[in-house]
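Q: Take me on a slow tour of one part of this model, please: the enclosed space, and whatever connects to it. Keep it chatty, but keep the numbers.

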Amino acid sequence: MSTAAQANSSKKDLLKVSLSPHISGGASVNKIMWAVNFALLPALAVGIAMFGWSALILSIICVGFAVLTEFVLAKYIMKKEVMISDGSAVLTGILLAMNLPPAFPWWMAAAGTIIAIALGKMVFGGLGQNVFNPALVGRAFLLASFPQQMTYFIEPGSQNWNLTGQSLWNYISQSGAENISSSVDAVTAATALGEFATKASEAASSSVPFVESYTTLDLFLGNIPGSIGEISALALLIGGLALVIRKVIGFETPLSFLGGLALITGIFWIADPNAYTDPLRHILSGGAMLGAWFMATDMVTSPMTVTGRIVYGLFGGILCALIRLFGSYPEGCSYAILIMNALTPLIDRYIKPKRFGSKTVPKTQEA
Amino acid sequence: MSFPQGGIHPPESKFTAADAIVTLPLAPELHIALHQHIGKPANPLVKVGDEVKKGQLIGESDGLISARIHSSVNGKVKKIDKLKNALGIPQPTIIIIPEADQPPHELPPEPESEMDLAQFSAEQIVKAIQDKGIVGSGGATFPTNVKYMVPDGKSADTLIINGVECEPYLTVDHRLMLECPEQILSGTELLRKALGVERAIIGIEANKPDAITELTNRAKSHPHVSVQALEVKYPQGAEKQLIKAITGRETPSGKLPLDVGCVVNNVGTAMMVYQAVVHEEPFIDRVVTVSGNAVAKPGNYLVPLGTPISYLLEQAGVELIHGMKLILGGPMMGKAVSHIDGPVIKGTSGILVFNPDEASRPAEKPCIRCSRCVHACPMGLEPYFLSALVRTGNYVDAYPQSIMDCVECGSCVYICPADKPLLDYIREGKFKIIQDRRKGKLK
């Protein structure tokens with residue numbers, strides 16, 4: 001054997017050995033999470049532009065406390081690798097902020113964020129282990145704890161951007177007990193969903209049809225009161241479609257969710273258009289678009305198969321519609337998704353991908 | 001046209017596609033393994049000190065699932081011993097020192113124009129395949145003659161010739177289709193006759209348009225043979241996926257292609273069959289793609305079987321450094337080399353040399369249930385679930401979840417954003433289930 005080959009032989013132990021495959025597609029958890037964060041920015045930007053500085057402060061508070069909570073818990077309590085750079089804590093923070101009313105007290109938002117990360121995610125072991133969408137856990141906690149503040153909405157564009165030290169102090173020092181409007185200098189307003197409920201009760205008691213304040217175009221563009229990130233269906237659609245095109249999410253969950261919502265609200269609207277709002281307005285108002293594109297599609301808490309996701313989305317949409325039409329809250333999107341989160345393991349257990357070679361009769365003599 | 005379920009699109013990296021096949025100089029010593037195929041190793045027919053001729057039978061097959069071994073050169077038997085193969089597993093091996101003067105190793109010549117393939121009967125063809133030690137050259141190395149012994153009660157109607165070469169980097173089959181098209185078509189004709197079917201279809205992926213054109217034009221003079229262009233998708237070269245893509249038939253779980261009326265062989269195998277039947281030449285050399293960023297002279301080399309991999313690498317200008325990875329075959333399903341003096345064998349389709357920075361698998365991160373593994377799986381399995389079952393010791397529960405159907409194509413690991421070693425666990429589960437079955441613990 002030649003000398004070069006012998007030289008090679010002496011180095012044989014230095015080779016790296018592993019099982020196949022030996023190449024990777026380069027996808028990463030970080031890229032996926034940051035892609036979702038970026039896709040949320042258009043809707044968040046609309047919210048901040050419409051509602052003013054308190055919306056911006058709330059977003060910063062939520063993201064900051066989400067990252068801080070995960071860092072402290074991972075490093076000092078759980079004593080495991082800190083993975084805040086993966087973007088999942090930032091995502092929970094942004095999503096929770098987008099689910100809050102614009103004039104919401106900052107310290108309540110901070111408390112909600114701590115709950116979202118601690119009880120919604122880290123208590124299960126961290127990223128990938130949680131049963132429920134962490135941002136929705138935070139939202140559910142806040143809605144149960146502070147129902148008045150969580151349903152206090154302001155008119156878009158009514159908050160003054162000329163931020164003074166006094167107005168900022170008023171906002172920061174509020175305890176939550178006093179009237180919020182005095183702390184943010186903004187005009188209070190009823191949401192489209194609130195009006196849908198009023199329309200139903202008015203129809204029962206009065207013969208004059210109730211006139212809704214917002215046009216369908218307002219609902220689509222976002223010129224309406226509501227939570228920070230939910231108002232502009234257009235901005236949410238842009239972000240959602242960007243994720244579908246980049247193959248981060250599939251379109252089956254959002255479409256089946258909105259389809260389920262449209263189905264039930266459509267049935268009632270056809271039955272009595274004076275008492276019920278049309279399904280398009282239902283899709284464009286409240287948290288339906290935010291929920292369908294960004295919360296129901298949370299990978300960790302939704303099913304693994306296409307069929308499973310269609311079932312999950314459809315039932316989620318139906319539940320959302322039923323809560324909106326018959327529940328005591330005007331909005332049911334977040335509870336609908338939380339309930340479907342709980343059913344996800346069951347869906348994955350019973351809905352399997354089609355195994356190759358199953359249910360096929362071998363045909364050997366067709367030619 | 002492609003298989004509908006799952007699959008991925010890794011970068012093709014076919015850097016050697018334009019490099020014509022060149023014959024590798026003879027190594028100073030050949031290590032001819034007696035186990036170059038699936039099944040039992042061959043029994044040696046020579047002893048130390050014997051003079052052997054190129055093409056001489058030196059190992060007789062042991063039973064049905066085995067294959068004959070022939071000498072690649074004129075030379076003298078130096079030693080017969082257990083030597084490590086490229087994967088580090090000791091195998092019975094005949095070491096031959098070649099004589100100085102040797103007839104050259106060449107690709108088989110084109111058939112003469114007046115040659116009539118009809119002169120060969122099905123029995124003659126199958127016998128020649130067996131006598132000349134032909135096994136699947138795509139990498140699986142299943143003894144080819146066994147596929148053409150159709151058991152009673154089963155029948156075939158289609159012969160599929162696999163020219164897909166879906167593994168990145170590898171360009172062996174591509175080059176053979178360009179340089180030996182008539183030989184491949186004649187081999188296909190012979191195999192079709194051996195099987196006794198009316199149609200033979202050569203499947204080629206659309207990333208090899210020159211091969212598609214070449215074979216389609218030439219197939220016009222072979223009335224029973226057609227060429228089917230296929231959409232590029234990995235793992236289309238897997239037997240079940242190729243049958244599905246071409247005929248629409250799904251081979252049921254645990255069944256063979258013959259159960260859906262098909263037999264599949266590689267284009268390289270078809271060429272070897274032509275060589276064995278028409279030229280009566282045994283399987284003693286093969287084309288190997290040597291590629292990768294660390295290769296100074298990448299290319300497609302015609303290599304005598306038994307050539308040490310270290311010699312092949314040296315000829316291709318590879319400077320081995322600490323932390324490199326050598327891959328036997330393609331990057332998706334190939335096996336890592338641990339012993340570089342191991343020989344090139346009948347199933348060695350490629351040697352890839354990865355630099356240290358390409359050699360490591362990324363560290364694993366938490367699964368975010370993105371479901372990409374489920375959607376990438378061409379067999380409709382749930383890799384995340386199967387690997388979790390095996391990881392937690394519940395591999396028995398993975399059996400009803402069809403773990404044994406896994407073809408180990410690696411698509412799930414390739415696509416995984418958390419870089420989970422899904423297939424490592426699935427392999428472990430399959431292995432444990434087979435062990436339990438042998439012990440009679442599992443049905």
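**The largest cavity and its surroundings**

A: The largest cavity holds about 260 Å³ of space, in what is a predicted model. A cavity here is a set of points on a 1 Å grid over the protein atoms alone where a 1.4 Å probe fits but cannot get out; points are joined across faces, edges and corners, and the volume is the space filled by probe spheres set on them. By that rule there are eight cavities of 30 Å³ or more.

Residues are numbered from 1 along each chain as its sequence is written, while chains are lettered from A and ligands numbered from 1 in the order written. Local features need pLDDT of at least 70 and side-chain atom pairs count only at pLDDT 80 or more, whereas totals for chains, interfaces and linings use all residues; side-chain values use heavy atoms, leaving out hydrogens and water.

Who lines the largest cavity? There are 21 residues (an atom within 4 Å of a point), and Met33(A), Leu91(A), Leu95(A), Asp298(A) and Met299(A) lie nearest the centre. Two or more residues each come from α2 (29–51), α4 (88–98), α6 (134–145) and α15 (288–295) of chain A; helices are DSSP runs of H or I, at least four residues, numbered from the N terminus. The largest share, four residues, belongs to α4(A). By class, the lining has 14 nonpolar, five polar and two charged residues (Asp, Glu, Lys and Arg are charged; Ala, Val, Leu, Ile, Met, Phe, Trp, Tyr, Cys and Pro nonpolar; the others, Gly among them, polar).

Now follow α2(A). With 23 residues at 1.5 Å each, this helix should span 33 Å, and its end C-alpha atoms are indeed 33 Å apart (the expected span is 1.5 Å times one less than the residue count). Still, α2(A) has a kink of about 35° at Leu41(A), shortly before Pro42(A), taken as the angle between axes fitted to the seven residues ending there and the seven starting there. Just past α2(A), Gly52(A) takes a positive phi of about 95°.

Over at α15(A), Leu290(A) is part of the helix and counts as buried at 1% relative accessibility (buried is under 20%, exposed over 50%, partly exposed in between, with a 1.4 Å probe and protein chains only). Ser285(A) sits in the loop between α14 (279–284) and α15 of chain A, and is buried too, at 0%. Its C-alpha atom is 26 Å from that of Met33(A), 252 residues away along the chain.

α2(A) also takes you to the second largest pocket, about 1,100 Å³ in volume. A pocket is an open set with protein on both sides within 12 Å along at least five of seven lines. Its lining has 41 residues, with Lys247(A), Cys370(B), Ser371(B), Arg372(B) and His375(B) nearest the centre. Those giving two or more residues are α2, α13 (252–271) and α16 (306–326) of chain A plus α10 (372–376) and α13 (411–415) of chain B. α10(B) gives the largest share, four residues, and the classes come to 19 nonpolar, 13 polar and nine charged.

What about Cys370(B)? Its sulfur is 6.3 Å from the closest cysteine sulfur, in Cys416(B), so that is too far for a bond, a disulfide being two cysteine sulfurs within 2.5 Å. Cys370(B) is buried as well, at 14%. Across all chains, there are zero disulfides.
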